[in-house]
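Please open the model in your viewer and get your selection tool ready. We will go from stop to stop, with a note on what to select at each one.

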Amino acid sequence: MATLPLSPTSTFPSLFCSNSNGVGFYKFRSSLYSHHVSVSSSSFPMAKTNQSISRLCYLQTQLPKSGNGCSWIQDNSLCHSVSTSVECYQGSVCYALPTRPAQVSTVEDLFEFICSGPLMEKLGMSPENVANAIDKWLAYGSYLCRLFKANEMELTIPQKARFYHYYIPVFLWCEDQISQYRSSFKEGEEIPPFVIGFSAPQGCGKTTLVYALNYLFEVTGRKSAMLSIDDFYLTAEGQAQLRKSNPGNALLEFRGNAGSHDLELSVETLTALSKLTKEGLKMKVPRYDKSAFSGRGDRADPSTWPEVEGPLTVVLFEGWMLGFKPLPTEAVTAVDPQLETVNNNMKAYYDAWDKYIKAWIVIKINDPSCVYHWRLQAEIAMREAGKPGMSDEEVRDFVSRYLPAYKAYLPTLYSEGPSGSDPKRLLVVEIDEERNPILGY
């Protein structure tokens, strides 16, 4: 299948129409915008609504055509490096052409759908803001459709919610944080990359979110790097030594909890990334092979590590326990006596990880038991795809080694924020059992 990316300045198949009031607008040939979401009139002052619709009337007339004028046929050079860089996480990017005629719907439907998103108030995005940037929303949505192999003409409501209520709003928040950060430097100064930390339980979709954000940064011309705390697990030999040093402690028998990471490697990596401020500077970033040693894992061969090149704009650093704070001994032993050693190990993690992070995105869940169901779904999908995956019982055992830490540390993370975090640079996104955002604060 041909690779056919769509640039941010591409036109969309459309018909210019006018409504009963004589207001012109564009109709897009896509069922992507066919779902109508009711929005309270009180949230749309009449003056702003008229201004917003006026913006929608002419937004397409300002977008230049390229190639042969067909919005589906564009030069693919823009996305070549992106599809290559993300393969190490999720595989290649697929772009699909529509296979049948699509329903005609107005862009006003999408406008209302976007404005009804649960993160809009927290991000300070008014209907007027959305209307003024609607061309960007459309372009970002098209990119995400192609990235996740979704047919733009037949998006489901959950897919629309994931893209327009979650990924794109978070991306715009990240862009704003980066702009504020970069504006604090004087002209000509070298600007270290902005490190954004993503703290979220396993299976809730944080890696997919980071993957989407990394892609959007790349296609909009900003170099980014992805890191996970998983990349810094001890080698197989180091894990064996950890097990030997903590006999009978199930929380340290396998990788995962504080103490099972190579903190020296993480400091070296984050420090080196901060120095990629010039064109031509390159470095390889560590990766971990979870399938090695029958699933016990080992550090991947350095020859397979992906290479990143400066000047980096942003580093996206994700992990299930990022931002966890050590607690009084009696607080953790009340949850599980085995946590005492883990809690002591955690005291070194701020200097190794958290102090490098300039802004935080915390994905909040209400019930840690969701982790088991999400992990089970992932393992079943791996088995169905013909890849090695844990059995249901192995999943239960695996997750049980993380639940004590969730029960002990998540309440403090949610009430106080991550270690050293600035409230102005913190976004908390509460999600439901389907991993969809329901609140932002």
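**First stop: H13 and H14**

Select helices H13 and H14: they pack at an angle of about 140°, with their axes 10 Å apart. That angle makes H13 oblique to H14, since only angles over 145 degrees would count as roughly antiparallel. The crossing of this pair is right-handed. Keep in mind as you look around that this is a predicted model.

Now show the side chains at the contact. From H13, pick Val 371, Tyr 372, Arg 375, Leu 376, Glu 379 and Arg 383; from H14, pick Asp 392, Val 395, Arg 396, Phe 398 and Val 399. Coloured by class, the contact of H13 with H14 has six nonpolar residues, five charged ones and no polar ones.

**Staying on H13**

Narrow the selection to H13 alone, residues 370-384. How far apart are its end C-alpha atoms? They are 21 Å apart, which agrees with the 21 Å that 15 residues should span at 1.5 Å a residue.

Next, highlight the buried residues of this helix: Cys 370, Val 371, Tyr 372, Trp 374, Arg 375, Leu 376 and Glu 379. What do they pack against? Show helix H14 (392-400), helix H15 (403-416) and strand S12 (426-431), and you have their partners. Before you leave, click on Gly 386, which follows H13 and has a positive phi, near 85°.

**Second stop: H11 and H15**

Keep H15 on screen and add helix H11, residues 339-346. The axes of H11 and H15 come within 11 Å and cross at roughly 60°. That makes H11 oblique to H15, because the range for roughly perpendicular starts at 65 degrees. H11 passes H15 in a right-handed crossing.

For the contact itself, select Leu 339, Asn 343 and Met 346 on the H11 side, then Pro 404, Ala 405, Ala 408 and Tyr 409 on the H15 side. These residues divide into six nonpolar, one polar and no charged.

**Third stop: H5 and H6**

Move on to helix H5 (residues 134-147) and helix H6 (residues 157-183). Their axes come within 11 Å and cross at roughly 115°, and the crossing is right-handed.

On H5, select Trp 137, Tyr 140, Gly 141, Leu 144 and Cys 145. On H6, the contact residues are Phe 163, Tyr 164, Tyr 167, Ile 168, Pro 169, Phe 171, Leu 172 and Glu 175. Which classes do the residues of this contact fall into? Eleven are nonpolar, one is polar and one is charged.

**Fourth stop: Asp 231**

Now for a single residue. Centre the view on Asp 231, in the loop between strand S5 (224-228) and helix H8 (236-245). Is Asp 231 buried or exposed? Its relative accessible area is 5%, so it is buried, the cut-off being under 20%. Add Arg 299 to the view: Asp 231 and Arg 299 are 68 residues apart in sequence, while their C-alpha atoms are 7.6 Å apart in space.

**Zooming out**

Finally, show the whole chain as a cartoon. Its secondary structure comes to 15 helices and 13 strands. Colour by accessibility, and buried residues make up 52% of the 441 residues in the chain. If you draw a contact map, take the contacts with a separation of 6 or more: residues 24 or more positions apart account for 78% of them.

Note on methods: Residues are numbered from 1 along each chain as its sequence is written. This is a predicted model: local features need pLDDT of at least 70, side-chain atom pairs count only at pLDDT 80 or more; totals for chains, interfaces and linings use all residues. Side-chain values use heavy atoms; hydrogens and water are left out. Helices (H or I, at least four residues) and strands (E, at least two) are DSSP runs, numbered from the N terminus. The expected span of a helix is 1.5 Å times one less than its number of residues. Buried means under 20% relative accessible area, exposed over 50%, partly exposed in between (1.4 Å probe, protein chains only). Contact means heavy atoms within 4.5 Å. Axes are lines fitted to C-alpha atoms, for helices over the stretch in contact, and angles run from 0 to 180 degrees between N-to-C directions. Angles under 35 degrees count as roughly parallel, over 145 as roughly antiparallel, 65 to 115 as roughly perpendicular and the rest as oblique. A crossing is left-handed if the near helix is turned anticlockwise from the far one by less than a right angle, and right-handed if clockwise. Ala, Val, Leu, Ile, Met, Phe, Trp, Tyr, Cys and Pro count as nonpolar, Asp, Glu, Lys and Arg as charged, and the others, Gly among them, as polar.
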